[in-house]
Amino acid sequence: MSPRLYPLVLFCSVFLIVASSCLPNSVFSATLCDKVLSSCSAFHGSPYVRSIPPGRSFEGRALPVYVVTDFKTNLASKVRIFVLAGQHGNEPNPVWSAVRVMGKLATGTDRRLLQRCLFLIVPLANPDGFERRQRRNAQELDVNRDWGSFKAPEARFIDQLIRMWRPHILVDLHEWTTADSTNRNEIELPWVPSPDRSRLIRSLVRSCASKLGIPVAQSREGSNLMLFHRYYSARGYTALLVETCSLAGSAQKRHLYEGFVLSLARSAPSVQYLAVASPSASEFRLSSACSFLLSSPAAVGKGAVEELFILVGIALGFVAYATRLSHVDACLVPEQNALLVLRKLRHCLLDESASRPILISLFTLRLDKRSHGCFF
Ligand SMILES: [Zn+2]
């Protein structure tokens with residue numbers, strides 16, 4: 001190695017070690033959010049799945065958005081269905097159900113559905129809360145009481161998404177977590193001032209709900225409008241909340257969420273009909289929405305801090321490559337294992353004999369198709 005490179009290597013190494021020692025170990029280990037994201041990444045190869053650049057939570061975790069449809073058919077004339085899960089971090093079943101709905105659609109077996117509908121799926125609306133298994137986000141805010149005040153970055157991102165895509169139908173998935181016997185499976189329709197709209201929305205939901213045996217309730221006039229479905233209903237969308245009983249098992253819950261979303265999509269009436277129930281959907285502009293559509297799903301799962309570590313690791317790897325080490329036997333490290341490699345690196349940099357293969361490993365990381373931050 002050229003002596004001129006020593007200060008650079010030294011600087012990078014010291015920076016990485018000092019910075020990594022300041023971070024909690026949870027940053028470097030596979031997290032709950034990583035599990036969800038890696039499950040989603042299994043569908044990245046599907047021609048029916050694309051994404052837009054992800055949002056970021058308060059702590060910088062990725063907030064991915066998937067667009068699932070048959071992209072060869074006219075996107076402008078489709079029924080747009082927005083599926084939101086995970087606003088409450090202690091409700092895992094909606095999150096996994098949203099992932100499973102995406103998986104079912106990604107196979108393309110229901111081609112007619114994909115030709116007719118465009119799904120926008122946000123499986124993990126509150127990743128910080130999900131990671132902590134807590135209802136609230138990292139700011140201790142209840143995201144589903146934040147619609148209108150928009151103090152949570154998660155809510156702000158989703159609001160921008162909705163204003164861009166103007167969905168005809170919004171479905172928010174939740175589950176009761178308190179173990180009292182009063183709660184039940186239920187679909188809540190918000191109170192809507194127009195009787196015509198109210199009737200249309202009710203008829204849209206009723207048959208799907210009764211097929212699955214889920215009662216439909218309607219919120220009262222004057223109820224808290226800071227809940228997602230009520231907020232968007234008041235703004236001219238067809239928005240509803242699906243809630244499942246705390247006593248129901250995971251399999252039953254997931255059956256209800258998946259069954260309801262797919263059945264609602266299959267039975268959704270024409271765009272013209274839906275325009276009456278969701279007047280705000282008519283403000284959709286395909287060109288502006290599609291300008292953010294990525295040609296293939298974005299690799300997500302790393303927050304800003306992790307991105308920084310990967311970049312520093314790449315720099316170290318480049319220096320190692322420049323030294324033309326003979327130990328080029330380190331296996332290729334897939335991008336999604338970057339955090340694992342960085343964790344090893346933290347240990348290995350302290351052990352000179354082990355550091356060289358790790359540096360080579362880092363050099364093999366690929367950062368292509370990576371997108372950064374929120375696009376708004
Ligand atoms: Zn909830």
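This is a short tour of one protein chain, from the whole fold down to single residues. The model is predicted.

**Whole chain**

Start with everything shown as cartoon. The protein chain has 14 helices and eight strands. Colour by burial next: of its 376 residues, 40% count as buried. Then draw a contact map. Among contacts with a separation of 6 or more, 80% join residues 24 or more positions apart.

**The sheet**

Select the strands. They form an open sheet of eight, in the order 1-2-4-3-5-8-6-7, and the pairing is mixed. Go to the edges: strand 1 (49-56) and strand 7 (216-218) each pair on one side only. Look along the sheet for its twist, which averages 20 degrees from one strand to the next.

Now zoom in on residues 62-68 and 117-122. These are strand 2 and strand 4, an antiparallel pair with three bridges. Pick Tyr 66 and find its bridge partner, Ile 121 of strand 4. In general, strands of a sheet pair through backbone hydrogen bonds, either parallel or antiparallel.

**Helix 2**

Select residues 32-41, which make up helix 2. Show side chains for Cys 33, Val 36, Leu 37 and Cys 40, which are buried. Turn the view down the helix axis. The buried residues fall within an arc of 95 degrees, so they line one face of helix 2. The general geometry is familiar: an α-helix has 3.6 residues a turn, so residues three or four places apart point the same way. What does this buried set of helix 2 pack against? Its partners are strand 2, helix 3 (92-106) and helix 5 (127-132).

**Helix 7 and its neighbours**

Move to residues 195-212, helix 7. This helix lies across strand 6 (186-189), strand 7 and strand 8 (238-244). Its direction is at about 175 degrees to strand 6.

Add residues 250-267, helix 9. The two helices pack at an angle of about 145 degrees, and their axes are 9 Å apart. The crossing of helix 7 and helix 9 is right-handed. Show the contact residues. Helix 7 supplies Ser 207, Cys 208, Lys 211 and Leu 212. Helix 9 supplies Leu 256, Gly 259, Phe 260, Ser 263, Leu 264 and Ser 267. By class, this contact has five nonpolar, four polar and one charged residues.

**Tyr 237**

Next, centre on Tyr 237. Look for it in the loop between helix 8 (228-234) and strand 8. Is Tyr 237 buried or exposed? The cut-off for buried is 20 or more other C-beta atoms within 10 Å. Tyr 237 has 24, so it is buried.

List its contacts, leaving aside neighbours within four places in sequence. Tyr 237 touches Pro 167, Leu 170, Tyr 232, Ser 278, Ser 280 and Ala 281. Then set a distance from Tyr 237 to Leu 274: C-alpha to C-alpha, they are 9.4 Å apart, with their positions 37 residues apart in sequence.

**Two positive phi values**

Finish in the loop between helix 5 and helix 6 (153-165), where Glu 140 is found. Phi of Glu 140 is near 65 degrees, a positive value in a residue other than glycine. Glu 140 counts as exposed, with 10 C-beta neighbours inside 10 Å.

Phe 150 also has its place in the loop between helix 5 and helix 6. Its phi is near 55 degrees, again positive in a residue other than glycine. Phe 150 is partly exposed, with 15 other C-beta atoms within 10 Å.

How values were computed: Residues are numbered from 1 along each chain as its sequence is written. This is a predicted model: local features need pLDDT of at least 70, side-chain atom pairs count only at pLDDT 80 or more; totals for chains, interfaces and linings use all residues. Helices (H or I, at least four residues) and strands (E, at least two) are DSSP runs, numbered from the N terminus. A residue is buried if 20 or more other C-beta atoms lie within 10 Å of its own, exposed if 12 or fewer, and partly exposed in between; C-beta atoms are placed from the backbone. Two residues are in contact if their C-beta atoms, placed from the backbone, lie within 7 Å. Two strands pair if DSSP finds at least two bridges between them. Axes are lines fitted to C-alpha atoms, for helices over the stretch in contact, and angles run from 0 to 180 degrees between N-to-C directions. The arc is that of the directions from the helix axis to the C-beta atoms. A crossing is left-handed if the near helix is turned anticlockwise from the far one by less than a right angle, and right-handed if clockwise. Ala, Val, Leu, Ile, Met, Phe, Trp, Tyr, Cys and Pro count as nonpolar, Asp, Glu, Lys and Arg as charged, and the others, Gly among them, as polar.
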